[in-house]
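Student: I should like to go through the terms used for this structure and ask what justifies each of them. May we begin with burial?

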Amino acid sequence: DERIPHFYSRLFDSLTILRDFLHADGEGLSDAELKTERFFATQRILEMQKTSTDELIEMYWAGRVKAQDEMTTSSLGTLSVRAYFNHNSLTVEIFQARNLIPLDPNGFSDPFVQVELIPRRVFPSANYKMQQTQVQKKTLHPDFNEVFEFPTNLHQCRDACSAILFTVMDHDVITANDFAGEAYMRLSNVPGVQKESRDTISNLRGLRAIDLPLMSFTDKEKESIIFKTLESRSLDKVAQEFVKKQKSRVAVPY
Ligand SMILES: [Ca+2]
């Protein structure tokens, strides 16, 4: 419900007014009595609740991109990719994945990779469809060597929230495909997006592949205030679909 953030926005303002009233320009309660842990916790909850669902989703993704930057190893394996921007087109190359976890009874997986641009505000779903690699059968070390093009522009790529989202899946014939891992690449860092790196584009051979450690949805995300706020919006279809999708992004070895 779109009215909910508006309601909390007023509640947030009310909290500030109430605090100022009780403080009464130094005549009333002291700062120590007013600015308690509980006050800040309440303020934080209201601050989240007055934020729109789309903004919360962007904040969630920003956290995931940051987590990717800080990650050096992963029990889910790695994905080797390369991306660059040139002539209003973003090229994304997917080379291989290594040390994926087995998700099939035979001790292997049938991996493929989905690639999409986020967030939706910058890359509307009507114009930016998810693309995906071929399925590589019965392997935990698939070679993909596929190239994807996304028509885009510098303005979109330079948005601080813009990123490439890679999702590794295990293809299954009878049951639903299984999640095997996800990885994020900040678009503002991609060669060709910042003016300074234009030279490197003319020499693509010089662009190295990047090994991204794969991640999954964990308790840390589940317990975060952003996620809990989205989860609390039980009547908001976009929030509920997002929450449900993230919760399914866990990888359990067979
Ligand atoms: Ca399978």
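Tutor: A residue is called buried when its relative accessible area is under 20%, exposed when it is over 50%, and partly exposed in between. The model is predicted. In it, aspartate 104 and aspartate 170 are both buried.

Student: What makes aspartate 104 and aspartate 170 part of the calcium site?

Tutor: For calcium, a donor is an N, O or S atom within 3.2 Å of the metal. The protein donors lie 2.3 to 3.0 Å from the calcium ion, and among them are OD atoms of Asp104 and Asp170. The other donors listed are Asp110 (OD), His171 (O) and Asp172 (OD). Along the chain, the donors follow the spacing D-x5-D-x59-D-H-D. Aspartate 104, in the loop between β2 (89-98) and β3 (111-118), and aspartate 170, in strand β6 (residues 163-170), are 66 residues apart, and the pair links distant parts of the chain.

Student: Why is arginine 19 called buried or exposed?

Tutor: Arginine 19 has 19% relative accessibility; the limit for burial is under 20%, so the term is buried. Its salt-bridge partner is aspartate 20, which at 42% is partly exposed.

Student: How do you know that aspartate 20 and arginine 19 form a salt bridge?

Tutor: The criterion is a side-chain nitrogen of Lys or Arg within 4 Å of a carboxyl oxygen of Asp or Glu. The closest N and O atoms of aspartate 20 and arginine 19 are 3.4 Å apart, and the pair is a salt bridge. A search of the whole structure finds 13 salt bridges.

Student: Where do lysine 66 and glutamate 70 stand relative to each other in helix α4?

Tutor: They are 4 residues apart in helix α4 (residues 53-70), and therefore about one helical turn separates them. Their side chains meet in a salt bridge at 3.4 Å, N to O. Glutamate 70 has a relative accessible area of 54% and is exposed.

Student: What does the salt bridge between glutamate 93 and arginine 82 tie together?

Tutor: Glutamate 93 lies in strand β2 and arginine 82 in strand β1, so the pair ties together parts that are 11 residues apart in sequence. The closest N and O atoms are 2.7 Å apart. Glutamate 93 is buried at 11% relative accessibility, and arginine 82 is buried at 16%. Elsewhere, salt bridges that share partners join Arg64, Glu182, Glu221 and Arg249 into one network.

Student: How do you know that β1 and β2 pair?

Tutor: Two strands pair if at least two bridges are found between them. Strand β1 (residues 78-86) and β2 have 9 bridges in the antiparallel sense. Both belong to an open antiparallel sheet of 4 strands in the order β5-β2-β1-β8. Its edge strands are β5 (143-151) and β8 (210-213), each pairing on one side only.

Student: Why are β4 and β7 called edges of their sheet?

Tutor: The sheet is an open one of 4 strands, in the order β4-β3-β6-β7, with antiparallel pairing. β4 (131-132) and β7 (178-186) each have a single partner strand, so one side of each is left without a neighbour in the sheet. β3 and β4 pair over 2 bridges, and the minimum for pairing is two. Glutamine 114 stands opposite glutamine 132 in β4.

Student: What makes leucine 18 partly exposed?

Tutor: Its relative accessibility is 47%, which is between the 20% and 50% limits. Leucine 18 is located in helix α1 (residues 3-23). With Phe21, Leu22 and Leu29, Leu18 makes a nonpolar surface patch of about 380 Å².

Terms used
Residues are numbered from 1 along each chain as its sequence is written. This is a predicted model: local features need pLDDT of at least 70, side-chain atom pairs count only at pLDDT 80 or more; totals for chains, interfaces and linings use all residues. Side-chain values use heavy atoms; hydrogens and water are left out. Patches are made of residues with over 30% relative accessible area and no salt bridge: like charges are joined within 9 Å, nonpolar side chains (Val, Leu, Ile, Met, Phe, Trp, Tyr) within 5 Å. Accessible areas come from the Shrake-Rupley method with a 1.4 Å probe; for residues, only the protein chains shown count as cover. Buried means under 20% relative accessible area, exposed over 50%, partly exposed in between (1.4 Å probe, protein chains only). Donors are N, O and S atoms within 2.8 Å of the metal (3.2 Å for Na, K and Ca); water is not among the atoms, so sites may look incomplete.
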